[in-house]
Amino acid sequence: MTHGAATIAIVGARLRRELWILLLGAAACGLLAYVQRYDDTLAQFAGCLIFGTLAGIAVALLQRGGGRLRELELCEQSAPLYGRELARATALVPCIIVLCACALYWTVSAWFAYPSAPLVALSASAICAGTLTALCGTLRKGAARLLYIGIACAPAILAFALWEWALAGILACAIAGFVALRQYGEALARYDPV
């Protein structure tokens, strides 16, 4: 029960601080959906994957970059939580932000052409997996960070390649997201900012 309360507190505090990022990302995705072509379902899907992945990488890098949330990070690191618990709590925020952006994209798209439900689910899972992979790079520097950012694009490429087999793509992206979250938790447990 206390771990759930800590997760809710961390997510709530971070979302309050990132409200403008959430609104900006969702508005940008909505605008992209408005100017997107609607006669080609694959172009809609590709647009959501590209922009959602880029937004996910940016939001993930903002979570631990530049000291923006330094006081929250100090509070979180001093709390009696395991690295995996802290990783789950801090990973929820960028995932919530990109899922809101993805939802607005498909909502605006639905005004003009009804989207395919499997493609919506596949895009959401690919964007979350990419965001979680980029989040792993926030605890690294130099070439290792760039490598994780590059790998964060892989779930979107995989999802686009498997668009005809959406269920297989969703499963592959879920596995990639789980592995990335696990890696982030292990890295966060060893992370020493001092």
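## Surface and burial

Let's start on the outside. In this predicted model, the protein exposes about 9900 Å². Carbon and sulfur atoms supply 72% of that exposed area.

And the inside? The protein has 194 residues, and 44% of them count as buried.

## How the chain is built

If you go looking for strands here, you'll come back empty-handed: the count is 9 helices and 0 strands. Reading from the N terminus, the order of elements is simply α-α-α-α-α-α-α-α-α.

Now think about who touches whom along the chain. Take the contacts with a separation of 6 or more: 83% of them link residues 24 or more positions apart.

## A closer look at H6 and H8

One pair of helices to find in the structure is H6, which covers residues 117-136, and H8, which covers residues 154-161. Their axes are 7 Å apart, and the two helices pack at an angle of about 160 degrees. Angles over 145 degrees count as roughly antiparallel, so H6 is roughly antiparallel to H8. As for handedness, H6 passes H8 in a right-handed crossing.

Which residues of H6 and H8 meet? On the H6 side, look for Leu 122, Ala 126, Ala 129 and Gly 130. On the H8 side, their partners are Pro 155, Ala 156 and Ala 159. Sorted by class, this contact has 6 nonpolar residues, 1 polar residue and no charged ones. The polar one is Gly 130 of H6, since Gly counts as polar in this sorting.

Note on methods:
Residues numbered from 1 in each chain as written. Predicted model: local features only at pLDDT ≥ 70, side-chain atom pairs only at ≥ 80, totals over all residues. Heavy atoms only, no water. Helix = DSSP H or I, 4+ residues; strand = E, 2+ residues; numbered from the N terminus. Buried < 20%, exposed > 50% of the residue type's maximum accessible area, 1.4 Å probe, protein only. Contact = heavy atoms within 4.5 Å. Areas by Shrake-Rupley, 256 points an atom, 1.4 Å probe, with all protein chains shown as cover. Axes fitted to C-alpha atoms, helices over the stretch in contact; angles between N-to-C directions. Parallel < 35°, antiparallel > 145°, perpendicular 65-115°, else oblique. Left-handed = near helix turned anticlockwise from the far one by under 90°.
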